[in-house]
There are 2 protein chains.
Amino acid sequence: MNLKELARRLDLSPTTVSRALNGYPEVNEATRERVVAAARRYNYQPNTRAIRLATGRAMAIGHVIPIATRHEIVNPVFADFIAGAGEVYSRSGYDMVLSVVPDEAEEQTYRDLKSRGTVDGVIVHAPRLDDPRLPLLREVGLPFVVHGRSSGSAEPYSWVDVNNRRAFRRATEFLLDLGHRRIALVNGLEFMDFAIRRRAGYTEALAERGIASDPAIMFSDEMTESSGYRAAKAALALPDPPTALLVASIISAMGVRRAIEEAGLKLGRDVSVIIHDDELSYLKNGEEVPIFTATRSSVRLAGRLAAEMLIDMMGHPGGPPRERLLEAELIIGQSTGPLQSNATSHGALPDAPALAAGAAKP
Amino acid sequence: MNLKELARRLDLSPTTVSRALNGYPEVNEATRERVVAAARRYNYQPNTRAIRLATGRAMAIGHVIPIATRHEIVNPVFADFIAGAGEVYSRSGYDMVLSVVPDEAEEQTYRDLKSRGTVDGVIVHAPRLDDPRLPLLREVGLPFVVHGRSSGSAEPYSWVDVNNRRAFRRATEFLLDLGHRRIALVNGLEFMDFAIRRRAGYTEALAERGIASDPAIMFSDEMTESSGYRAAKAALALPDPPTALLVASIISAMGVRRAIEEAGLKLGRDVSVIIHDDELSYLKNGEEVPIFTATRSSVRLAGRLAAEMLIDMMGHPGGPPRERLLEAELIIGQSTGPLQSNATSHGALPDAPALAAGAAKP
DNA sequence: TGAGGTATCCAAAGCGGTTTGAAAACGATT
DNA sequence: AATCGTTTTCAAACCGCTTTGGATACCTCA
């Protein structure tokens, strides 16, 4: 059943039927009802392909995921972000098109998406420092919203991000307040913008208390279980091991926990851990009571917000870039506790003579 | 730059240009080269929307992910499967369209996908016992490939699946060979087809050795960290705790490990664990050496195979359904070991008098 | 030389909608 | 009754490509 056929049965022109269904005012209310009723009766669904050609709009939004040839990792927050954005698209009549491409083909993919008219706009994932995709998309003329930010970008752009810096600053302060002085950072890859901001929050908080950050306990890697394990294992093996760790992801934290337990230490007593929790639906940080103390911010919500922002921007072109900064909440779990003073392996720090900081290796 | 304009500049008809670019034989080789060169020079990309309307093909494949209102979980294997399928689509010129819909809207979504012509075929995820989507898609006339199988389906259909039953049977046998007699099952939700098959493999292996399966140590839940934790905690608290656990997912296994360590037991010595490992890129089962002993099968590979199968089927309509069964390999990690005999909490089992089976609670 | 092929190219008709510009119908106004 | 402004409807052009059904030019062979 197509428009022409439906019009024929109603003894109306395709023009009028089209207008009736699309809510244009220049059609008699009685006819409109007749048309709508018939459309339902014959189960008429306008052909998407024809609409797209006629209107010149794709009614679709693109997400490009580069499959890096070196790290074969699928961004773990991706699934939840997509779920959030997808809900919005469904409600708004947009399709989500995903392009999985080798990362050297990423630029060409964006160009094609535009020139072939496959999508009306895109969401940019996992931005890096001064990310080349932003000028590219501007040049190409594809509306976009960034999930995260890209420090160093010359021009303004639209984004949805969590306040990573403040989150990590607060987390660090929380550990400092518990008496910890030697705090390790298990960060994501530091060419990723979010990782840079997290590190900044961490070092700032330390500096304010007069603590120099120590590269020996600052790790930067992909956020996998294994890398968390390696980092924690290395840190705990140091002559002056950290008494607390700040971990960028719940996935790395799984590995961190493994290393801690393997070292015979007890999480929350001998070693404190704070994580950043994206509220991944398949890796929740506990249920009623959180496992890890965490800075928490829903990546799914970010997906919803980014999608809404993009759709709204496409509806009002020429507007200024939009920004949305989400604050993470600090939730207290069972993985943090005051610094234990009965330890032996390393002595007091110069700026905290009253507190005998130490790792609690048995 | 569009076809008409390009034709004008070449002083050719759009017909000829179209044919030249699409490799039709009825065009002079010299003209073809001229056309191809001009297309490259002017960076001509045919408009997808027009192609789609003209050919009646969407050149797109749909994936419908229901967002269950009750369990808000995003299937964790989804990301990797999508990555695998997406690679194939990119290479083959297909778009992947993802629909995230509330699960009560799933049926209507499939109907719309067909009647609006948004996609040419779909991949069905996470099939259940006698899944209603299969007859629906058949009725609607949308080609599809199922990732997994649906026991009880009357008609044949195309699928790509891993041999879950054999995998779990082998894993159980492996534990039995190590002397374990009390083996818990931490399964996924048992209305999911894969979970049914896994359970079948497990109970079969037990039955063959004359061991009745005990509902008290068979758990079925969503495969999250928390549910794994709960199951293992409950199992280990029993008067006759299991000495080994068979766990359906590496994510649940994280929780299982937490419960084991919390109970003061040592993984691989006091309690053995075998998992099923989908080789998720963000949750690898170790790197050089596997953490858990596991039955392993790449879900990303399954994604590639399913996509290839579907594309091929769409190219040869009317063919018989296709099937592809992948075998999981059994890899030995550090999480399994022979049954310890120095334990006390429960006695020898009738059929293994020589081995004093016991949990090693200190 | 003329018929019959073959190679090459093109005009025009779709595909199924939207949208422009105009016409028809209708009432109200002068 | 003629004019005007609305309301309502429609014919036709258009979106940018594919594809059908010729047309034309060029060979080949009898």
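Which residues is B:Leu245 in contact with, leaving aside its neighbours within four places in sequence? The answer is given in the legend to View 1, and the notes here apply to every view. This is a predicted model, in which local features need pLDDT of at least 70 and side-chain atom pairs count only at pLDDT 80 or more, while totals for chains, interfaces and linings use all residues. Residues are numbered from 1 along each chain as its sequence is written, chains are lettered from A and ligands numbered from 1 in the order in which they are written, and side-chain values use heavy atoms, with hydrogens and water left out.

**View 1. Surroundings of B:Leu245 in the largest nonpolar core.** Leaving aside neighbours within four places in sequence, B:Leu245 is in contact (heavy atoms within 4.5 Å) with B:Leu175, B:Ala184, B:Val186, B:Ala232, B:Val256, B:Ile260, B:Val271, B:Ser272, B:Val273 and B:Ile274. The largest nonpolar core has 160 residues, and those with the most contacts inside it are A:Leu245 and B:Leu245. Such a core is a set of buried Ala, Val, Leu, Ile, Met, Phe, Trp, Tyr and Cys residues joined through side-chain atoms within 4.5 Å, where buried means under 20% relative accessible area, exposed over 50%, and partly exposed in between (1.4 Å probe, protein chains only). In soluble globular proteins, nonpolar side chains tend to be buried together.

**View 2. The axis that relates chain A and chain B.** Chain A is superposed on chain B, with an RMSD of 0.1 Å, by a rotation of 180 degrees with 0.0 Å of shift along its axis; the fit is by least squares on the C-alpha atoms of residues with pLDDT of at least 70 in both copies. The two copies are thus related as by a two-fold rotation axis. The C-alpha of A:Val97 is the one in chain A nearest the axis, at 2.2 Å from it.

**View 3. The interface of chain A and chain B.** The contact takes 52 residues from chain A and 52 residues from chain B, and because 100% of the interface residues of chain A are also interface residues in chain B, the copies meet through the same surface. About 4,800 Å² is buried between the two chains, 53% of it on carbon and sulfur atoms; this buried area is the accessible area (1.4 Å probe) that two parts lose on being put together, summed over both. In chain A, the residues that lose the most area to chain B are A:Arg49, A:Arg116 and A:Tyr282, together 16% of what that side buries.

**View 4. Polar pairs and elements at the interface.** Between chain A and chain B the count is 4 salt bridges, each a side-chain nitrogen of Lys or Arg within 4 Å of a carboxyl oxygen of Asp or Glu. A:Arg230 forms a salt bridge with B:Glu287, the closest N and O atoms being 2.5 Å apart. Across this interface, 22 residue pairs are in polar contact, both residues at pLDDT 80 or more; a polar contact is a pair of N or O atoms within 3.5 Å, where within protein one must be able to donate a hydrogen and the other to accept it, and residues adjacent in sequence count only if both atoms are side-chain atoms. Among the elements of chain A that give two or more residues to the side touching chain B are helix H4 (48-55), helix H5 (78-92) and strand S2 (95-102), with helices (H or I, at least four residues) and strands (E, at least two) taken as DSSP runs numbered from the N terminus. H5(A) gives the most to that side, with 7 residues.

**View 5. A:Thr224 in its loop.** A:Thr224 is placed in the loop between strand S7 (218-220) and H10 of chain A, and at 10% relative accessibility A:Thr224 counts as buried. A polar atom of the A:Thr224 side chain lies 3.1 Å from the backbone nitrogen of A:Ser227.

**View 6. Salt bridges of A:Arg32 and A:Arg165.** A:Arg32 forms a salt bridge with A:Glu29, the closest N and O atoms being 3.3 Å apart, and both residues lie in helix H3 (residues 29-41) of chain A, 3 residues apart, about one turn of the helix. A:Arg32 counts as buried at 13% relative accessibility, whereas A:Glu29 counts as partly exposed at 44%. A:Arg165 forms a salt bridge with A:Glu204, the closest N and O atoms being 2.5 Å apart. A:Arg165 lies in helix H8 (residues 164-177) and A:Glu204 in helix H9 (residues 193-208) of chain A, so the pair ties together parts that are 39 residues apart in sequence.
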